[in-house]
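Dear colleague,

Please find below the structure I promised to hand over. My notes on the ligand site and on one of its helices follow.

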Amino acid sequence: MPHLGNETIKAELGRASWKLLHTILARYPEKPTAEEREALSSYIYLFSRVYPCGECASHFQKLLKKFPPQTSSRVAASQWGCHIHNQVNARLGKKIFDCNTIAEKYQCGCEDDVGAAETRLNEGV
Ligand code: FAD
């Protein structure tokens, strides 16, 4: 396998991480319980602490202070995710993404699984 440069690896990690984060937000409950809200908020803060690119993690933590995770509904959470990704895009000189298209873009192929994720969240698994 050819050796990939650090920038290439960092970019791949970024793409995979954004994909997972946006997909989680697109599947977050429309009407979350207090526990579900707490679970999402904790996940995002922990993600910002364990993200393996140090420069990215420290910048993301600063962004979270300015724009705390919005967990009141699926729309609020996914729009927040789009907005915060756009903040990173702007910093890196990338194109700003149109947040109106977020719901169609982040399908997970798990539409038959409605309720399962919510049950797992409720059970604290
Ligand atoms: P990406 O930004 O990875 O986006 C992937 C795809 O998501 C795009 O092709 C587009 O289809 C879609 N997309 C774009 N914008 C949005 C949006 N606003 N909402 C929803 N979908 C969107 N790299 C650095 O060099 N320095 C950093 O400080 C840095 N911080 C990061 C912090 C975090 C939390 C993460 C997850 C990544 C960070 N990265 C950072 C990586 C960087 O954001 C990109 O992932 C990487 O540069 C690859 O960029 P890309 O152009 O392929 O698209």
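Helices (H or I, at least four residues) and strands (E, at least two) are DSSP runs, numbered from the N terminus. The model is predicted: local features need pLDDT of at least 70, side-chain atom pairs count only at pLDDT 80 or more, and totals for chains, interfaces and linings use all residues. Residues are numbered from 1 along each chain as its sequence is written.

Helix H4 (74-91) has 18 residues and spans 26 Å from its first C-alpha to its last, close to the 26 Å expected at 1.5 Å a residue (1.5 Å times one less than the number of residues). After H4 comes Gly-93, with a positive phi near 75°.

The buried residues of H4 are Ala-77, Ser-78, Gly-81, Cys-82, Ile-84 and His-85. A residue is buried if 20 or more other C-beta atoms, placed from the backbone, lie within 10 Å of its own, exposed if 12 or fewer, and partly exposed in between. Seen down the axis of H4, these buried residues fall within an arc of 165° (taken from the directions from the axis to the C-beta atoms), so they line one face of the helix. The face turned away from that buried side carries the exposed residues Ala-90 and Arg-91.

Turning to the ligand, 21 residues surround it, and Ala-11, Gly-14, Cys-56, His-85 and Phe-97 come nearest (near: C-beta atom, placed from the backbone, within 6 Å). Helices H1 (6-26), H3 (54-66) and H4 each supply at least two residues of this shell; the largest share, seven residues, comes from H1.

Yours sincerely
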